[in-house]
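Here are a few exercises to help you find your way around a new structure. Try each task yourself before reading the solution.

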Amino acid sequence: MKFVSPIIVCYTGNKEISASDIRHYHDLVDMNAVRVKWVALQTPLTRVKRTVFGELRLIDIYRTTFKAREKKNSREKVLEKFRNTSLINFNDPLFGEQWYLLNKGQTGSAPDNDINVLPVWKSGITGKGVRISVLDDGIHPQSEEVAQNYDSTSSEDLSFKKSNYNPIPENSHGTYCAAIAAGVANNNVCGVGVAYDAKIGGVRIIDGPVTDAQEAMALIHALEHVDIYTASWGPNDDGKSIAGPGLLAKLAFLKGISEVVPEGKGKCRKTFQGTSAAAPMAAGVIALMLQANPRLTWRDVQHIIIKTSRIPSTGESRWSVNAAGHHYHLKIGFGILDTAKMVAEALTWKFVKPLHLWTTPAITQTKFILPYKSTIIRLLVKKSFMSTQRIDSLESVSASVNIIHPRCSKLEIFLISPSGTISQILTKRPLDTDNFRIPYWEFTSLHFWGEDPNGLWTLKISNHEGEHKGMVDYFSLSLMGTEL
């Protein structure tokens, strides 16, 4: 898919839009003369940097630890014996506190809860030749933690401020993320990046008002140059907002995966809705994989992650196994990244088959959502209907629904595959007191990875509200996967 050219966008700030405004912007351009296919007014979107405990500072990332256990158990001693640092001699003062790189029990948790990266470093794979772009509030190129790895080609200022900015905590979020992914090693400063020899750049975007057009430009900036994009921000993660990417940002995602990846350059974008450190940490791991095998595509990376992820020793219950044999968890996904296993797979990886996409006809019959009841909608998927887009092995499933209910916060939604795998795609939202509609929203799940889609699918809407009823009048599925 390609952008229609030219595309006209207009930024309006915080101003209210009226019909006369729309006519005014339309009159500014001779639509026929420049062959304009689409025009949109750009208004500010709410985008929030991901943090855990308020303001994020680099020192917090490395030093947020609990009192370590005074006595180490036998398991820790055995682990230390096999995962020693005899071949890794970093002089960075905080390396010993980076538990996610080498967990010796610094936080009081099980010592094997790290990304298992030391064996990869010892093999000589450190991210050389791979370029990462941090989409955030910019990167301070003078920061000692990233200066040696700074890549100006991957960097751009797309904010409306267009001014020099000082390295203060309020706008250093991008620099902190860059240090996690590709912080310089052995420079006697702070800690070590996951891919400490990778090049790192930054697009300044989350430093003031943000529009759909800005997000789109950031997502494809230096597309032929950048290997991995990482972003630790998104719509308000406040338990009550419902928001996603705009039209232009969606087109940018499609441009990135459809015009570059199939040609063999292996682009990936990892975005996590959670702590600020998670996305750049994963970006660093993927950089190590790309050094081992530069031809990996974003789908190859997904397959490798799911194949090699391991269940952490956190004591979390409610793990399930889908029909393809993959463990999955509502909070933890398929588990934690194991860098050594991922790189080993990358070195001998057989590339995945072409991606197929098929969308079912929608069920538009209205069904009521009654108090303290569950509403069930069933949808039959037959591979004989798929024609050239036949899917035998699923990768992702998106359920589109339109729901009207005065207390959407009291609803839970489950999607159940023909094999009986249950994926909860909406949890109760106690803080959401405003939304009375879930408007044609797409809920995407990877929990059915590897399953055969053929058969009867079930959508279950559980209403935990006792006074009001609602309705659902739209349900369809979009399936992505491969033919065997």
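**Exercise 1. Work out whether L484 is buried or exposed in this predicted model, then find its surroundings.**

Solution. Start with the relative accessible area: for L484 that's 71%. The cut-off for exposed is over 50%, so L484 counts as exposed. Next, place L484 in the chain: you'll find it in the segment after β20 (470–482). Now check what L484 touches, skipping residues up to four places away in sequence: K353, D392 and S393. Finally, take S393 and compare sequence with space. L484 and S393 sit 91 residues apart in sequence, yet their C-alpha atoms are 7.0 Å apart.

**Exercise 2. Find which residues have the most contacts inside the largest nonpolar core, and which elements build that core.**

Solution. First, the core itself: this one has 51 residues, and L101, W121, I200 and L288 have the most contacts inside it. Then look for elements that give two or more residues to this core. These are α4 (118–122), β4 (131–136), α5 (173–182), α8 (278–292), α9 (298–308) and α10 (339–347). The top contributor is α8, with 10 residues. Now zoom in on L288. Leaving out residues up to four places away in sequence, L288 touches V117, V120, W121, I125, T126, G127, V194, A195, T339 and V343. To finish, look beyond this core: apart from it there's another one, of 28 residues, including I403, C408, I438 and I461.

**Exercise 3. Say where N188 and Y372 lie, and what is unusual about their phi angles.**

Solution. Begin with the background: most residues other than glycine have a negative phi. Now take N188, which isn't a glycine but has a positive phi of about 60°. N188 belongs to the loop between α5 and β6 (199–204), and its relative accessibility of 55% makes it exposed. Then do the same for Y372, another non-glycine, with a positive phi of about 55°. Y372 is in the loop between β13 (367–369) and β14 (374–381). With a relative accessible area of 60%, Y372 is exposed too.

**Exercise 4. Count the disulfides, then sort C177 and C190 by accessibility.**

Solution. Recall that a disulfide is a covalent bond between the sulfur atoms of two cysteines. Using a cut-off of 2.5 Å between cysteine sulfur atoms, the count comes to 0 disulfides. Next, the accessibility. C177 is at 3%, so it counts as buried. C190 is at 22%, so it counts as partly exposed.

Methods:
Residues are numbered from 1 along each chain as its sequence is written. This is a predicted model: local features need pLDDT of at least 70, side-chain atom pairs count only at pLDDT 80 or more; totals for chains, interfaces and linings use all residues. Side-chain values use heavy atoms; hydrogens and water are left out. A nonpolar core is a set of buried Ala, Val, Leu, Ile, Met, Phe, Trp, Tyr and Cys residues joined through side-chain atoms within 4.5 Å. Buried means under 20% relative accessible area, exposed over 50%, partly exposed in between (1.4 Å probe, protein chains only). Helices (H or I, at least four residues) and strands (E, at least two) are DSSP runs, numbered from the N terminus. Contact means heavy atoms within 4.5 Å.
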